[in-house]
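Work through the following exercises with the sequence and the coordinates side by side, and try each task before reading its solution.

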Amino acid sequence: MLKSIAVMTSGGDSPGMNAAARAVVRTALFVGARVWGINNGYHGLLEEDMFEMQSKNVGDIIQRGGTFLGTARCKRWQTPEGRMQGYKNLVDRGIQGLVVIGGDGSLRGAQLLSQETGIPIVGLPGTIDNDVWGSDYTIGCDTAANTIIDAINKLRDTASAHRRVIVLEVMGRNSGWLAMVSGISGGAEYILVPEEEYDLDEICTEMKIAYEAGKRYILVVVAEGAGSGKEIGKAISEKTGLDTRVSILGYVQRGGSPTVIDRVKASQLGEKAALAIISGLSDIVFGFNRGNVVSINLHDAVTNKKKLDPEYIHLAKVLA
Ligand code: ADP
């Protein structure tokens, strides 16, 4: 059994990271282990910016977006020398295992640390993109999807009033999950995602026919990885002559008080991560599969690419 562990958040922040870190800390304390918090991800680990935590250090954070530990991107972590220095900084403090909460990149960095030094590592998927292989869910994806829905509801009002085409660009450079679920639940006519090819000429022809038949407005949700909202809006306007407006949601999607789902799931994952690492397990990521917490091999999680559920792609077309 490990006596002392550490937790960090890394890469892009996501709502619910606080709930996950809180659960790691309180679970560790509950079973009698010592627990450290590392500020600002791998950067903080290299800067020796870490402190031993008590229960009160994670008070009053479950309702907050962002991450109280801070997060960062760190070039030095991409070198074996940097990772060895990070390992030494952990060992110097008697820290025997590390929980990393972050996206794809952060988990890859964690996997390399484990491979090169043998230190036990448990990962938790923290990203709004919901793109970590092996898990249906990543911490923050629900809050982000709800933020988008809120924007869609408002955009629908104004689009309907003016008979406009609205193009809404949402986050997702490599993953269309956010665009897909928010588009389906927001009733979008078109959802453009990086995983699926689309024909803009065909879409424009359909739009003109729909307007001629009396349609009041059309909503297009575009994942940033499927093309620039601005350019797609310009092309629609030129090809159809329809009054078209573009809205780019940007960083508001990262923030906000986490939803109930994100708080509960992040807490469940945090508890499992702390118990697993303290009991000596390593090289796993905890995620969800059909509502249940599951452990995923860390190497598999970072080397495989998650696919967008084809049932979503089908449903979006049926309901458009
Ligand atoms: P996210 O975790 O949200 O995907 P990034 O891809 O920016 O965010 O990764 C966060 C940090 O994880 C990087 O700044 C770097 O320190 C580390 N990291 C990312 N990819 C690798 C890699 N291939 N090897 C080692 N470290 C990595």
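**Exercise 1: a helix and its end**

Task: In this predicted model, find which residue just after H5 takes a positive phi, and then describe the span of H5 and its buried residues.

Solution: Just after H5, the residue with a positive phi, of about 55°, is Arg163. Turning back to the helix itself, H5 covers residues 141-162, which makes 22 residues, and its first and last C-alpha atoms lie 32 Å apart, close to the 32 Å expected at 1.5 Å a residue. Next, with burial taken as under 20% relative accessible area, the buried residues of H5 include Cys141, Asp142, Ile148, Ile152, Leu155 and Ala159. As a last step, look for their cover, which includes strands E6 (165-170), E8 (218-223) and E9 (244-248) as well as helices H6 (177-186) and H9 (260-278).

**Exercise 2: a surface patch**

Task: Decide whether Met1 is buried or exposed, and state which residues form a nonpolar patch with it.

Solution: Begin by placing Met1 in the segment before strand E1 (4-10). Met1 counts as exposed because its relative accessibility is 69%, and the cut-off for that class is over 50%. Together with Phe30, Val31 and Leu275, Met1 forms a nonpolar patch on the surface, and the four have about 460 Å² of accessible area together.

**Exercise 3: two domains**

Task: Establish how the protein chain is divided into domains and how many residues each gives to the contact.

Solution: The division gives domain 1 as 4-140 + 258-303 and domain 2 as 143-254. The contact takes twelve residues from domain 1 and ten residues from domain 2, while the centres of the two domains, taken over C-alpha atoms, are separated by 35 Å.

Methods
Residues numbered from 1 in each chain as written. Predicted model: local features only at pLDDT ≥ 70, side-chain atom pairs only at ≥ 80, totals over all residues. Heavy atoms only, no water. Helix = DSSP H or I, 4+ residues; strand = E, 2+ residues; numbered from the N terminus. Expected span 1.5 Å × (residues − 1). Buried < 20%, exposed > 50% of the residue type's maximum accessible area, 1.4 Å probe, protein only. Contact = heavy atoms within 4.5 Å. Patch = residues over 30% accessible without salt bridge, like charges linked within 9 Å, V, L, I, M, F, W, Y side chains within 5 Å. Areas by Shrake-Rupley, 256 points an atom, 1.4 Å probe, with all protein chains shown as cover. Salt bridge = Lys/Arg side-chain N within 4 Å of Asp/Glu carboxyl O. Domains from an automatic or database assignment.
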